[in-house]
Amino acid sequence: QVQLVESGGGLVQPGGSLRLSCAASGSIVSINAMHWYRQAPEKESEWIASMSGGANTKYVDSVKGRFTISRETHGNTVYLQMNNLKPEDTAVYYCNLGVITSNMLIDVWGQGTLVTVSS
């Protein structure tokens, strides 16, 4: 019904930047919430950023001021701009959307994209 395709991960040096993309496709009526999570090796998944349908944003303290969540003005792509990356940001990053499709609200996840921060 709905698929999320993530891209933009890779290897970056400390202090560098990356922009992750999360492109949603399928039978989408509306997106009411957008989230980014990350999971480091042998760690539990951690919520890091959210954006409501009203464009209000929230961030976990560890990324506040460095990461920015955004979306296309008239589209279904969500972004995570990551600046001043640190080694502790190394993780697989997942987007998660609350999507209204057809007649119901569903929770859909991207496949994950690996971000490695290393000098």
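Which residue in E8 is the bridge partner of Leu18? It's Met82, and the legends below start from that pairing. Keep in mind that this is a predicted model.

**View 1. Leu18 and Met82 sit where E3 meets E8.** Zoom in on Leu18 and you'll find Met82 of E8 as its bridge partner. That is part of a wider match-up: E3 and strand E8 (residues 77–82) are joined by 6 bridges and run antiparallel.

**View 2. Four strands line up as an open sheet.** Reading across, the order goes E1-E3-E8-E7, and the pairing is antiparallel. Strand E1 (2–7) and strand E7 (67–71) are the edges, each with pairing on one side only. On average, neighbouring strands here are turned by 15° against each other, if you ignore direction.

**View 3. Cys22 and Cys95 make a disulfide.** The structure has 1 disulfide, and here it is, with an S to S distance of 2.0 Å between Cys22 and Cys95. The torsion about that S-S bond comes out at about 70°, so this disulfide is right-handed. Cys22 belongs to strand E3 (residues 18–26) and Cys95 to strand E9 (residues 91–101), so the link ties together parts that are 73 residues apart in sequence. Buried or exposed, these two cysteines? Both Cys22 and Cys95 are buried.

**View 4. Tyr37 and Trp109 form a tilted aromatic pair.** Search the whole structure for aromatic pairs and you get 1. The ring centres of Tyr37 and Trp109 are 5.0 Å apart, with 45° between the planes. Stacked pairs need planes under 30 degrees apart and edge-to-face ones over 60, so the label here is tilted. The pair links distant parts of the chain, with Tyr37 in strand E4 (residues 30–39) and Trp109 in strand E10 (residues 104–109), 72 residues apart. Trp109 has 40% relative accessibility, so it counts as partly exposed.

**View 5. Gly53 sits in a loop between two strands.** The strands on either side of this loop are E5 (46–52) and E6 (57–59). With a relative accessibility of 57%, Gly53 counts as exposed. What does Gly53 touch, not counting residues up to four places away in sequence? The contacts are Asn32 and Met34. For a sense of scale, Gly53 and Ala23 are 16 Å apart in space, C-alpha to C-alpha, and 30 residues apart in sequence.

Conventions: Residues are numbered from 1 along each chain as its sequence is written. This is a predicted model: local features need pLDDT of at least 70, side-chain atom pairs count only at pLDDT 80 or more; totals for chains, interfaces and linings use all residues. Side-chain values use heavy atoms; hydrogens and water are left out. A disulfide is a pair of cysteine sulfur atoms within 2.5 Å. Buried means under 20% relative accessible area, exposed over 50%, partly exposed in between (1.4 Å probe, protein chains only). Two strands pair if DSSP finds at least two bridges between them. Axes are lines fitted to C-alpha atoms, for helices over the stretch in contact, and angles run from 0 to 180 degrees between N-to-C directions. Contact means heavy atoms within 4.5 Å. Rings of Phe, Tyr and Trp (its six-membered ring) pair if their centres lie within 6.5 Å; planes under 30 degrees apart count as stacked, over 60 as edge-to-face and the rest as tilted.
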